[in-house]
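Good morning, and thank you for joining this session. I would like to take you through one structure, beginning with a single helix and moving outward to the whole assembly.

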Number of protein chains: 2
Amino acid sequence: MSLIVQKFGGSSVADADKIRNVARIITEQYRKGHSMVVVLSAQGDTTDDLIEKAQEINPRGSKREMDMLLSTGEQISIALCSMAIEAMGYQVISLTGWQAGMRTDSGYGAARIKNINTERIRAELDKNRIVIVAGFQGLNKYDDITTLGRGGSDTPAVALAAALHADLCQIYTDVDGVYTADPRFVTGARKLSEITYDEMLELASLGAQVLHNRSVEMAKRYNVNLEVLSSFTNQPGTKVKEVVKNMEKSHVSGVAKDKDIARLALVGLAHEPGIAFKIFSLLARNKVNVDIILQSIGREGSKDISFTVKKADMEQAQKILEENRDIINFQSIEVTDKIAKVSIVGAGMINNPGVAATMFEALFDAGININMISTSEIKVSVLVDENDADRAVQVIHDKFFSLYGAG
Amino acid sequence: MSLIVQKFGGSSVADADKIRNVARIITEQYRKGHSMVVVLSAQGDTTDDLIEKAQEINPRGSKREMDMLLSTGEQISIALCSMAIEAMGYQVISLTGWQAGMRTDSGYGAARIKNINTERIRAELDKNRIVIVAGFQGLNKYDDITTLGRGGSDTPAVALAAALHADLCQIYTDVDGVYTADPRFVTGARKLSEITYDEMLELASLGAQVLHNRSVEMAKRYNVNLEVLSSFTNQPGTKVKEVVKNMEKSHVSGVAKDKDIARLALVGLAHEPGIAFKIFSLLARNKVNVDIILQSIGREGSKDISFTVKKADMEQAQKILEENRDIINFQSIEVTDKIAKVSIVGAGMINNPGVAATMFEALFDAGININMISTSEIKVSVLVDENDADRAVQVIHDKFFSLYGAG
């Protein structure tokens, strides 16, 4: 008998029928003899509705009171789902975050889990009950309710799975797994049966929005076996784990693209120590997150530094740099947001130096210009013109997934 | 500086404007230097909406999960009200029932308060914060959320006032006080500035639905000064306390009527001991609540026993008695629900034997027949035909409140 933690997002519990569907998925595993702990989000638009109510009263209400308000959304979900399971005749109990022993720091609105006291959950599992948890919330040291911040909603499920030493953590989303490329845009994209944590991390950060990085990092750290799957189909999903058998035969797991990117280039910097430090500590102090950084030798012994940021940060980054022109001492600054990042990810590529070359070949054959290249142990990213991005993903995907016969 | 506990019902916090109005009422007292603890109900129809959601999923969901669900309604109210007070620039904090230290028994759906640990509330008051409490809920010995049952929603406010030794407990309702009779039906009905606990108890049980008996009983027991007032007017309400100055000059505080009543009469019972015991223990075992009981000598040495029950219990009471005809041994049973109970209440009447006579005189003058009379130290009740009830209240009210010059 295994212990399985499942997590369902807001769209999976949006109405009575969907809640019944979730109840069926949960009880199917329970009937097989597994111990079940389930984390639910708030129903569909509940959180937005509550935010709207708050806005009407006070657009700048404290985060502490917002958490008091928003935590109710999940509490409604867990109660309703428990009732659906009761109606099917199974033993079940719902637990709020604090009842489930979730303790967080005091960062209202975006708290982080500090520890989980699993005593209550264990006791309920011992009574052979299905346990439904409002996991997106916890209690801080003041005994106040906190929420874990929108968007990181898989993290509590993974944290619970880690704390309970669960055998598997199943994340139900609206996609049915991790694909070699975004199936909405790329012909021939196919679902992976397995992927490593590191590959998943790279894919997530490259714009494949299946799992949030924080939850994958946590899964990797505590060695929690993840599975991403859909609550609307009855298909196996994609397993995310430390080591995968190279069933895929390809050294590449997926191709991803990220259009939310802008590039800044500082041209004609003095060739002296400390320049990079000055630039990036300035940006960090101003909360601008930098992604790819490239430094190259420029003309006449000077050097150039290029880097990418999110589109929304472009103007601010430019302003900061220009305000500090005297300190940094550059000749000119070039800025564009008409670019996209296209990347291949694969744990296998580290031992296969031909992988990057194959990617570049695909782009060359398609007449797509590469603006910038960045590589890591399991990833190759290129910047291309925004207009070329979709085609770039397709030709790269074609190259790898027909080359290695996995199509 | 006094400590004031205020309680606002669901209609007082139904929308953003009403919540702002409540925030104004609270902060007005706070600005005068009072410490403020405020108990709020769920917004308007929230509870009904949540019940509907539950019904759709499971019409027989457990009470434990219903409490998990319904407690969110109040949590939304307290968060929103706190934000409204924040917007006005005051220090405020919301507390769920369990954060406020409310501990209850395990009667899910209709729990009773066992004790209140006021430590957290005290600490927040010491920080000069207004404290907004979801008081209609608590935690039982399993650390599960319980709700205190619909309808008894003033009780937690009174309990909090008692636990905090508050100087005053203000109950805001949709009426602005306690009246000498229901002002919707009786011409000349006027608001009382003060009334005793006992009078309030009698009036409440007689159908004047201003405060619930449980909360008045608790206020009497712990000597909590109550005030009933409206959140929609800016007028002083009615104070409920142990002893009142007889400012009203009348020995009668109010006239009430109750149409939800049926009368059963057992005719021709044997004149032997134990009959009454048999009848009323039978009814009690079957959960039939009996109100007025009258026993009279019948014809030929036999006796009659009449009693009243709520309309909904009439048929069951009749059935029980007929099934046990052999044991009870009566000649016939007479049943009617075309009656109403009209009562006068006043702590002063005990020393004024003329009060009952004055009431009967009013009815006689109006040609209204009295079916049954019952008296207590501070109350005289009569049963009249249902069709005469409204007129009976009016003529009795006219008699007392013009006689004693208080109109």
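How far does helix 2 of chain B reach from its first C-alpha to its last? Please bear in mind throughout that we are looking at a predicted model. This helix runs over residues 46–57, twelve residues, and its reach is 17 Å. At 1.5 Å a residue one would expect 16 Å, so the two figures are close.

Which residues of this helix are buried? They are Thr47(B), Leu50(B), Ala54(B) and Ile57(B). These residues lie on the same side of helix 2 of chain B, because the arc they cover around the axis is only 85°. The general background is brief: an α-helix has 3.6 residues a turn, so residues three or four places apart point the same way. On the face turned away from the buried side we find Asp48(B) and Glu52(B), both exposed.

What covers the buried residues of helix 2 of chain B? The cover includes helix 3 (63–87) of chain B, and from chain A it includes helix 1 (16–31) and helix 3 (63–87). That brings us to the partner chain.

Let us now consider how the two chains meet. In this model, 26 residues of chain A are in contact with 26 residues of chain B. On the side of chain A that touches chain B, the elements giving two or more residues are helix 1, helix 2 (46–57) and helix 3 of chain A. Helix 3 of chain A supplies the largest share, with 14 residues. By character, the residues on this side of chain A comprise 13 nonpolar, eight polar and five charged.

Helix 3 of chain A deserves a moment of its own. Its end C-alpha atoms are 37 Å apart, which agrees with the 36 Å that its 25 residues should span at 1.5 Å a residue. Of those 25 residues, 22 are buried, so helix 3 of chain A is largely enclosed by the rest of the structure. Just after this helix, Gly89(A) takes a positive phi of about 90°.

How are the two copies arranged with respect to each other? In general, two copies of a chain are related by a rotation about an axis and a shift along it. Here, a turn of 180° with a shift of 0.1 Å along the axis lays chain A on chain B with an RMSD of 0.2 Å. The two copies are thus related as by a two-fold rotation axis. The same surface serves both copies, since 100% of the contact residues of chain A recur in chain B. Which residue of chain A comes closest to the rotation axis? It is Thr72(A), whose C-alpha is at 2.7 Å.

I turn next to chain A as a whole. Chain A has twelve helices and 20 strands. Its C-alpha atoms fill a box of roughly 75 × 55 × 35 Å along the principal axes. For 407 residues, a compact globule would have a radius of gyration near 22 Å, and the 24 Å of chain A agrees with that. Of these 407 residues, 48% count as buried. Among the contacts in chain A with a separation of 6 or more, 74% join residues 24 or more positions apart.

Two loop residues call for comment on their backbone. As a general rule, most residues other than glycine have a negative phi. Asn128(A), although not a glycine, has a positive phi of about 70°. Asn128(A) lies in the loop between helix 4 (119–126) and strand 6 (130–133) of chain A. Is Asn128(A) buried or exposed? With 10 other C-beta atoms within 10 Å, Asn128(A) is exposed.

The second case is His165(B), which is not a glycine either and has a positive phi of about 50°. His165(B) is found in the loop between helix 5 (155–163) and strand 9 (168–173) of chain B. His165(B) counts as exposed, with 11 C-beta neighbours inside 10 Å.

Finally, I would point out two partly exposed helix residues. Thr358(B), in helix 11 (residues 354–365) of chain B, is partly exposed, with 19 other C-beta atoms within 10 Å. Phe280(A), placed in helix 8 (residues 275–285) of chain A, is likewise partly exposed, with 15 other C-beta atoms within 10 Å. The C-alpha atoms of Phe280(A) and Asn371(A) are separated by 21 Å, and these residues are 91 apart along the chain. Thank you for your attention.

Definitions and conventions:
Residues numbered from 1 in each chain as written. Chains lettered and ligands numbered in written order. Predicted model: local features only at pLDDT ≥ 70, side-chain atom pairs only at ≥ 80, totals over all residues. Helix = DSSP H or I, 4+ residues; strand = E, 2+ residues; numbered from the N terminus. Buried ≥ 20, exposed ≤ 12 C-beta atoms within 10 Å, placed from the backbone. Arc of directions from axis to C-beta. Contact = placed C-beta atoms within 7 Å. Nonpolar A, V, L, I, M, F, W, Y, C, P; charged D, E, K, R; others polar. Rg over C-alpha atoms; globule rule 2.2 N^0.38 Å. Least-squares fit on C-alpha atoms with pLDDT ≥ 70 in both.
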